[in-house]
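Here's a quick briefing to read with the model open beside you. We'll go through what is tucked away and what is left on the surface.

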Amino acid sequence: MTDTTTARSRLAGELGGDLAALDTLSEEQCADLLGLLEQAPDRDLECCEPQLRDSIDTLPRVCRPAVRRVFLGRWR
């Protein structure tokens, strides 16, 4: 769980400004939403990795390590 004392201000920073809609959320709701936003890239990669690997395997062998590094963050 995210620290709730600064969740509203951190969420506003992540969203690019102090939005009026954040005033309608409790600190706990802001913390939960912030947690979801912070975890999203990892969840997206987990969902997409099998399809990315399949696509990368269709590329010429010499290109695969560099493309894999860019999209998956590792060489193998």
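**Helix H1 and its buried side**

In this predicted model, helix H1 (residues 7-15) has Ala7, Leu11 and Ala12 as its buried residues. These three sit on the same side of H1, because the arc they cover around the axis is only 135°. As a general rule, an α-helix has 3.6 residues a turn, so residues three or four places apart point the same way.

- Helix H2 (27-57) is among the things covering the buried residues of H1.
- Right after H1 comes Gly16, and its phi is positive, near 90°.

**The nonpolar core**

- Ala7, Leu11 and Ala12 turn up again in the largest nonpolar core, together with Leu22, Cys30, Ala31 and Leu34, for 7 residues in total.
- Both H1 and H2 chip in, each with at least two residues of this core.
- In soluble globular proteins generally, nonpolar side chains tend to be buried together.
- If you want a residue to click on, try Cys30: leaving aside residues up to four places away in sequence, it touches Ala7, Arg8, Leu11, Leu22 and Leu25.

**The leucines on the surface**

- Leu15, Leu19, Leu33, Leu36 and Leu37 make up a nonpolar patch on the surface, and together they have about 390 Å² of accessible area.
- H2 gives the most to this patch, with 3 residues.
- Leu37, which is found in helix H2, has a relative accessible area of 35%, so it counts as partly exposed.

Technical notes. Residues numbered from 1 in each chain as written. Predicted model: local features only at pLDDT ≥ 70, side-chain atom pairs only at ≥ 80, totals over all residues. Heavy atoms only, no water. Buried < 20%, exposed > 50% of the residue type's maximum accessible area, 1.4 Å probe, protein only. Helix = DSSP H or I, 4+ residues; strand = E, 2+ residues; numbered from the N terminus. Arc of directions from axis to C-beta. Contact = heavy atoms within 4.5 Å. Patch = residues over 30% accessible without salt bridge, like charges linked within 9 Å, V, L, I, M, F, W, Y side chains within 5 Å. Areas by Shrake-Rupley, 256 points an atom, 1.4 Å probe, with all protein chains shown as cover. Salt bridge = Lys/Arg side-chain N within 4 Å of Asp/Glu carboxyl O. Core = buried A, V, L, I, M, F, W, Y, C linked by side-chain atoms within 4.5 Å.
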